[in-house]
Amino acid sequence: MSTIEIQNLHALFPVVSAKTLLSLILGGALLALLPYLFRKNLVDKDGHPIPPGPLLRYAFLRKYPERALYAWAKKFGPLFSVWMGNQLFVVISDPQVARDLLVTNGAIFSTRKKYFMKNQVILRGRAITASQYDDRWRQHRRIAMQLLTPKAMQSYAHILDYEARIMIRSFFNETKQGALPINPGHYAGRYAFNNMLTLSFGTRTDTATDPLVEKALAFAMEFMDLTGPWSNIIDFIEPLQKIPSYTKYRGYKLHDNLIDVYGAMILRVKARMDAGEDVPDCLAKTLLETQEEEKLDWEDLCMLAAVFTLGGVHSTSGIIQWFLALIPSHPEIQARAHEELDRVVGRENWPTAEDEHRLPYIRAIIKEVQRVHAPFWMATPHCSTEDFVYNGMYIPKDTVMVLNCFTLHHNEQRYPDSFAFNPDRYLGDDLSCAESAKLPDVMQRDHFTFGAGRRICPGLAVAERELWLAISRLLWSFTMHEIPGEPISLEEYEGLSGRTPLPYRVKLVPRHKHLGSILAEEEEITIKF
Ligand code: HEM
């Protein structure tokens, strides 16, 4: 071939260097990956697009996701969408949209995504919260509700009252009558745990040092960390579910621990029933008595018996901890609360459940703590079971629906100056949270701390009573101070699903000389178990 012919050939097929070839391959691969990195804008058959949202797909939004959701709600509006891997999430940031979708169209938006970690590994599709929206969910929720209605609560109201007294006494004794600072987490946790032990198994821990308290609190914390709406990348990338990993190990371990500890407690209740003993009414007893008729298997029993200690401990104790973290930096609010308590119930007796309607400012403080520090900023996501079009936006079947509580609770129209802690905004609101959730004008609802729609928290009435007894009595008993040089963070927190403040210490100074003698009247009760 002549030199001229070779030159012509080069012109036609230029020599590709190794570097260029590599760039071409990488470029091609990147092009192929683009649809997996950037959002997919689905439309339905009539051309309705999915709600707008951020450009990138996220593997997971781990730390403080509520801040990203708040910024996105401002940018994209009250209904926006985010892709997590191949899962579409639609985020609800407006009260009316929440009502329209989760309540009015509750038949479509009430199931749960089958999260690998929460629903499949840890709870095995059970424990009410992980159940699909089907007959088994209805059955399990109905059984649990037998113990949770305000009427049912009357039979154990005295126990909630007693446990609140024991919690205050622990604070009083552990702080050496206010001389020492205290981290309230363990004692608030034990209070909520003892209440749930009563409901679930008819028993309680009789010392704050009982190892079961630490164990149960550790399970609840691990559950919160493993079950956030986007805690685990493994939930969104299926191949990862097939290979061994530390996350998977933790999930299986937690499942086994729940069965070991709470399963053993069910067997203990059974042994007592078989021996003809007078076992107090509790969930385990109900489950055992109705097991055949309700066709409940062993995992149903264990998961149902465990769920109160998972759903009702970290949450209630979290709000008490947020209250104690927040109140020292608001001495003027404490002073008003103390004035109301002194004026209405006096210094001889402390507030009871019956005093609630006479203490509107204390009620308002509790509602305001729940607004600014709801433990579940993203509630528990619901999931859709049918394609749906809302205001021209397409929400495909199997979309995960997130109730964006942080943004809902900072809606300036509903809560002017929403980042300020201001109980006054709830003065005049005489409704319980359950009543408020049913208001026809959803803009008047107090807050969304207990979720919305058919999956709304079934423990709401019990939680409200526990919070009332704990917080009104903390206010009656103590003045709460921050420790100089130990600022309490109200921004950071622990937990990827339910959140509690970072560990902190607070000073609780008794307000009454005779507090010690009032508290000494009650001894710790040991219940045969
Ligand atoms: C202050 C304390 C509490 C808070 C803030 C809270 C909050 C929540 C939230 C946000 C949900 C999800 C609602 C939804 O899907 O829309 C929920 C569900 C649930 N909660 Fe609570 N909760 C509390 C106390 C309790 C207590 C004391 C119990 C048990 C006695 C309990 C048992 C449950 C159960 C079983 C579910 C699952 C309901 C279902 O999926 O149908 N919670 N809770």
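Me: What makes an atom a donor to a metal?
Reply: Donors are N, O and S atoms within 2.8 Å of the metal (3.2 Å for Na, K and Ca); water is not among the atoms, so sites may look incomplete. This is a predicted model, in which local features need pLDDT of at least 70 and side-chain atom pairs count only at pLDDT 80 or more, while totals for chains, interfaces and linings use all residues. Residues are numbered from 1 along each chain as its sequence is written, and side-chain values use heavy atoms, with hydrogens and water left out.

Me: Which protein residue is the donor to the iron atom of the ligand?
Reply: The single donor from the protein is Cys457, through SG, 2.3 Å away; the cut-off is 2.8 Å, so this sulfur is called a donor. Cys457 is placed in the loop between α19 (433-437) and α20 (460-477); helices are DSSP runs (H or I, at least four residues) numbered from the N terminus.

Me: Why is Leu30 called partly exposed?
Reply: Its relative accessible area is 48%. Buried means under 20%, exposed over 50% and partly exposed in between (1.4 Å probe, protein chains only), so Leu30 is partly exposed. Leu30 belongs to helix α2 (residues 18-37).

Me: Which residues line the second largest cavity?
Reply: Among them are Glu356, Arg363, Cys433 and Trp468. Lining residues have an atom within 4 Å of a cavity point; on a 1 Å grid over the protein atoms alone, a cavity is a set of points where a 1.4 Å probe fits but cannot get out. The largest share of this lining, 4 residues, comes from α17.

Technical notes. Helix = DSSP H or I, 4+ residues; strand = E, 2+ residues; numbered from the N terminus. 1 Å grid on protein atoms, 1.4 Å probe; cavity = no way out; pocket = protein on both sides within 12 Å on 5 of 7 lines; lining within 4 Å.
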